[in-house]
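Here's a quick briefing to read alongside the model. Have the sequence and the 3D view open as you go.

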Amino acid sequence: MPRPTCKRRIGFQPKSVFFKPAGIPLGAVQEILIGQDEVEAMRLKNLLGFPQEQAANQMGVSQPTFHRLINAAHQKITDAIINGKALRIEGGNVTVQEETSGPCHWRKHWGRGCSSAEAAASQIPITQQEGGGIPMKIAITSADGTLDGMVDERFGRAKKIVVVDDGTNDQETVDNVTNMNAAQGAGIQTAQNIIKAGAKAVISGHLGPNAFRVLSTAGVEVFTASGITVREALEAYRNGKLSKLAGADVEGHW
């Protein structure tokens, strides 16, 4: 008897589950089934730009399994486009965990096995649960990595990121220098660094579309600040004086 497969974790459910070519009657079109896990693999890799290892960890599968999922998805979509077939999103050995697809849970606990998400929930310290959840962390792009340095108005190419725990005021500095001279993908990688750090809010000068999409998908709010120090930006955020971005405010490669 073959060994049962581990359920693949998916962080969303598509709004539309059926797609067909125009001009072909429904009764005459051939249908291809594409699994929800295959669609999730494409979302993580192709839309959000996650590295394969990180995407596989988020789904709770091995890298070879993730590779097979995304290859199968690409093959089915190619077949549908080239040969005029319909696509139906259905099936797949999955468990939907939209509430844990943001940074609070998957950055720490996903990728440890089939039962890791349930086990992780029971391991949250009681003091955090009584306080209304995991304490908020705020990430601020910084020119020098200190509270008294200026906010770096570049997001993807910021030199440092200061992450402050709003509950304890503990501070850590994330080195982002490898993205400063990146030819492409700096915004996406910086966003991923912030998500890994556990931030639920970001303060920066400007964000491009790719970075904003990655952060918003992970449930991270984005606020804008200009010409002030990290400390001043943090205080303005706590007093509700910063503007919240509803979308990207600059083009890509910022």
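**Helix H1**

In H1 (36-47), the buried residues are Gln-36, Asp-37, Glu-38, Val-39, Glu-40, Ala-41, Met-42, Arg-43 and Leu-44. Buried here means under 20% relative accessible area, exposed means over 50%, and partly exposed is in between, using a 1.4 Å probe and protein chains only. Helices (H or I, at least four residues) and strands (E, at least two) are DSSP runs, numbered from the N terminus.

A word on ground rules: this is a predicted model, where local features need pLDDT of at least 70, side-chain atom pairs count only at pLDDT 80 or more, and totals for chains, interfaces and linings use all residues. Residues are numbered from 1 along each chain as its sequence is written, and side-chain values use heavy atoms, with hydrogens and water left out.

- H1 is mostly covered, with nine of its twelve residues buried.
- Gly-49, just after H1, takes a positive phi of about 75 degrees.

**Helix H3**

- H3 runs over residues 63-83, 21 residues in total, and reaches 30 Å from first C-alpha to last, close to the 30 Å expected at 1.5 Å a residue (the expected span is 1.5 Å times one less than the number of residues).
- Its buried residues are Thr-65, Phe-66, Leu-69, Ile-70, Ala-73 and Ala-80.
- Looking down the axis of H3, those buried residues fall within an arc of 130 degrees, so they line one face of the helix; the arc is that of the directions from the helix axis to the C-beta atoms.
- Flip to the face turned away from the buried side and you'll find the exposed residues Arg-68, Gln-75 and Ile-82.
- The cover over the buried residues of H3 includes strands E1 (8-10), E3 (31-34) and E4 (86-89), plus helices H1 and H2 (52-59); contact means heavy atoms within 4.5 Å.
- Gly-84 comes just after H3 and has a positive phi of about 65 degrees.

**Strand E7 and the loop after it**

- Lys-160 sits in strand E7 and, at 21% relative accessibility, counts as partly exposed.
- Lys-160 and Thr-141 are 19 residues apart in sequence, yet 6.1 Å apart in space, C-alpha to C-alpha.
- Leaving out residues up to four places away in sequence, Lys-160 touches Ile-140, Thr-141, Ser-142, Asp-144, Gly-145, Thr-173, Val-174, Asp-175 and Asn-176.
- Asn-169 lies in the loop between strand E7 (160-165) and strand E8 (171-175).
- Asn-169 isn't a glycine, but has a positive phi of about 70 degrees.
- Most residues other than glycine have a negative phi.
- At 51% relative accessibility, Asn-169 counts as exposed.
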